[in-house]
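Work through the exercises below with the model open. Each gives a task, then a solution in steps.

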Amino acid sequence: MSFVHEIDYGTPKSKSEKTVTLTVDGKQVTAPEGTSIMRAAMEAGIEIPKLCATDMLEAFGSCRLCLVEIEGRNGTPASCTTPVAPGIVVHTKTERIELIRKGVMELYASDYSLASLDRSTKESKYAALLDIAEAVGLKEVRYGFDGARHPNAGIDASNPYFVYDPAKCIVCSRCVRACEEVQGTFALTISGRGFDSIVSAGMNEPFLESECVSCGACVQACPTGSLIEKSVLAAQTTEKPADRSLVTTCAYCGVGCSFKAEMRGDEVVRMVPYKDGKANRGHSCVKGRFAWGYANHKERILKPMVRETISEPWREVSWEEAITRVASEFKRIQKTYGRESIGGITSSRCTDEETFLVQKLVRAGFGVNNVDTCARVCHSPTGYGLANTFGTSAGTQDFDSVEHADVVILIGANPTDAHPVFASRLKRRLRQGAKLIVIDPRAIDLVRTPHVEAAYHLPLLPGTNVAMLTALAHVIVTEGLVNEQFVRERCEWDAFKHWAEFAADRKNSPEAVAKITGVPAEHIRQAARLYATGGNGAIYYGLGVTEHSQGSTAVIAIANLAMATGNIGRPGVGVNPLRGQNNVQGSCDMGSFPHELSGYRHISTDSVRHMFEIDWGVELDKEPGLRIPNMLDAAVDGTFKGIYIQGEDILQSDPDTKHVAAGLAAMECVVVQDLFLNETANYAHVFLPGSTFLEKNGTFINAERRIQLVRKVMEPKNGYEDWQITCMISNAMGYPMHYSHPSEIMDEIARLTPTFAGVSFKLLEEVGSVQWPCNERAPLGTPVMHIGQFVRGKGRFLITEYVATDERTGPRFPLLLTTGRILSQYNVGAQTRRTQNTIWHEEDRLEIHPHDAEERGVRDGDWVKLASRSGETTLRARITERVAPGVVYTTFHHPNTQANVVTTDFSDWATNCPEYKVTAVQVSPSNGPSQWQEEYESLTRRSRRIVPAGAAE
Amino acid sequence: MSSSNLISHSTTTDNKLVYMANQIGTFFKSQDMDTASARIAEHIVKFWDPRMRRAIVAYLDAGGAGLDPAARQAVESLRPRL
Ligand code: SF4
Ligand code: SF4
Ligand code: FES
């Protein structure tokens, strides 16, 4: 079995373009200026022993194991901290050096808790330190192994995923530096001095109680196994911890971290972030690295199930019976209620290939365009806003771009929780001196975190983004900060003039807008000046921008700002939507929206549709189909009766739960394909068990348009990959689909989609990943878009008039509720709730300002009732000044919280993306769950009953 | 292709459609009053499925209460494009 080997070059790559030539052990070596001798040697295949150095971290020079001799220089410099120089002659293996190295190693070995240097005992078998001892030729330890050791507070096993054993610690500081440099959390310190020094988390706390966010960077950095995954310790009881490894892509968030999955048989031993992953560069967060246990959770459903009505228990059946049922029901419904009475929902968690097939099944197999995806409820306004200003519906940069940004505007996004690895990369840039402007109702972590402080935090009232963004534009226009050259060359001049006139209007001035947003005018002015004049300006935004009734308008306002200041079309700038789910970009790209085919081409465009019709051998409907909220409306009205939902939980994730429930309850055949009996499955008639990302081949596309391979590391426990299940349904419906591998589906996508024309599994195998557009003009993809010209030709400014949402506070509902997410849980939590991540977030809490709490007699931890005009729920309160008076905040990771019972059906004017981020509410003390919560609990309990196959009926 | 002729007249759905049409109108009116109704119509044709279009036209035929003038004009122009 094969392993993916990664080389550790010891120090990071130098960015210099000038090269230097030197001689190492008689070999001519050329390396960029600034490269360490250690790295230059390793690149030439000469390995110098090292302990404190690793290429994820800056050189430190503390262990003295990497000494070399340089002709003409005195002493024995450390090769990790000594840069290459022209013409120098380096020796890495002289007798003198080897003697010193052995001496150094001998000290470390005597200090390390091992009985001897031999490999016979269980605990010494995999001791990483012994590998190095062997490499330097150390055969015996003269001081014995029972000498004084560092202070040892005992093993810290408080973190659910890794342990820290001080006895194996050599105090090389790699973990401390990983936590600082790579993760940016600064949770670890070396306390004590000299021989007494020791690593400790926080203020000598256990890891779990410290600031540690469990990213695992320190574990990855530790050279001795002092910090080590519990899963690896468990696997060490047998022969070899892992027998093979494969590179794959995280299935949680839109960062799209690349991982090496180390496997033994069909079990994951550990996930190690892959250094060649261009999104994550060898880092990850707690979810991707550790929270993969859900694949084996006892609640995972592995057999298909059916039931006649939703009040009956589930009955396990064969795949054949389940698929036949789906096909015959859908056919019956179409015959009875018309062709347009069924549809499907594609999943942002599944692969591109799977998503493409579901929309193909709906369009070609069902003969309708009633297909949508959960991107509807998150980033559909990004699609509309960017398509109408720039000409295409995606972020403009790669993540590496942040390394060149000088000013970053972060609006409606909370990356340390929702996009952690991007947050780490951003923090690193901020520590180097870039400036940050946070526009968010809540004081997110990045407003102030170790060694990072935002230049401005503009805590606006929820629902006033457009007013704020237009006020920033007002300052830029009226203070002469427009980059006129850029606008003249690159944008439609008339549209710009029209827009500039609008922006300059007094009603858009910071002074006028201060009253709407609650942010002092002077802060708005200063922030605008900083963005316009501070060098490369980059805007990053999230769902706090899109999930509003003016979501699309806000995206347009962001695009306007970038165009007006010329911050588009080169590294370090741009407009960057931070996408929520792993493949939300891909599901949009693949034609999941009812009105467009893959590559964002409208279904009514004859030339495009004909191309598909020829390839697919059927006639397609040229009218747009229903979007998710419209499907539910139509269901309540009786014109929509059947739905195939792959990997989405619309009941929990969509707003106005009662309306969703009513829509689902009105349908005659609801088919849910998922890992678990999710909330939507409470209303389903057929349940098809899905597969995890570990069990399938395919691709995901992250927030930077990067297409990355997902590799099957184990067989699907449910029997089939998700795309195979879609094929079976299609075949049973009478529309044949025959693919033997997802690569064939990608070939079809490439054939039918100009922006994907150059993409194939073969190319991805060769180069690792590419960012679309990838075609003849850009054979290796496009890291930065709109260079030289916009996709639509000239950039277009549009007017962004602020319109207050109709969701207003009043005497009955005086507070504004906004929603968000936290690091350790993921979205509706179906996966993360089934891992040990629950240790960090057992329940959703309502954050409320002390002033509002006191007025209502609410104490920290009390149960409170949260009511809006849609409904009410109960949860416990957390009193904090992170939210302003008048604003409350909660997450939505747990189904019992039912936060979406409270959210309303208001939505974005252009796309119907729901207005999750603003709901007028009242909060009052309560003593227990609401009636809806109780009824819902009992429905859930009833609908989770399963009768196994073969059991007496 | 044949299509079902079920048209819904549920008041909640009608109210929603009117609300949506007016909301779309607000954006395009702010761009340019003169082109607003044409662009509202264009937006509706691009994004609304036929049953929603039929429903809003039927609603207009029944009086169209609550439709803002620009939105009303846009819906009027949908008739030949059903
Ligand atoms: S797990 Fe991450 S956050 Fe925690 S101590 Fe290690 S590097 Fe720091
Ligand atoms: S959840 Fe996101 S940041 Fe975390 S490992 Fe996965 S892709 Fe990376
Ligand atoms: S590896 Fe160079 S001093 Fe430790």
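**Exercise 1.** In this predicted model, classify Arg529(A) as buried, partly exposed or exposed, then place its salt bridge with Glu479(A) in the chain.

*Solution.* Step 1: the relative accessible area of Arg529(A) is 29%. Buried requires under 20% and exposed over 50%, so Arg529(A) is partly exposed.
Step 2: Glu479(A), at 30%, is also partly exposed.
Step 3: the closest N and O atoms of Glu479(A) and Arg529(A) are 2.8 Å apart, and the pair forms a salt bridge. This pair links distant parts of the chain, 50 residues apart: Glu479(A) sits in the loop between helix H14 and helix H15, and Arg529(A) in helix H18.

**Exercise 2.** Which parts of chain A does the salt bridge between Glu308(A) and Arg325(A) tie together?

*Solution.* Step 1: the closest N and O atoms of the two residues lie 2.9 Å apart.
Step 2: Glu308(A) belongs to the loop between strand S12 and strand S13, while Arg325(A) belongs to helix H9, so the bridge ties together parts 17 residues apart in sequence.
Step 3: Glu308(A) is partly exposed at 47%, whereas Arg325(A) is buried at 18%.

**Exercise 3.** How many residues apart in helix H22 are the partners Asp606(A) and Arg609(A)?

*Solution.* Step 1: their side chains meet in a salt bridge at 2.9 Å, N to O.
Step 2: the two are three residues apart in helix H22, which means a separation of about one helical turn.
Step 3: Asp606(A) is partly exposed at 41%, but Arg609(A) is buried at 6%.

Methods:
Residues numbered from 1 in each chain as written. Chains lettered and ligands numbered in written order. Predicted model: local features only at pLDDT ≥ 70, side-chain atom pairs only at ≥ 80, totals over all residues. Heavy atoms only, no water. Salt bridge = Lys/Arg side-chain N within 4 Å of Asp/Glu carboxyl O. Helix = DSSP H or I, 4+ residues; strand = E, 2+ residues; numbered from the N terminus. Buried < 20%, exposed > 50% of the residue type's maximum accessible area, 1.4 Å probe, protein only.
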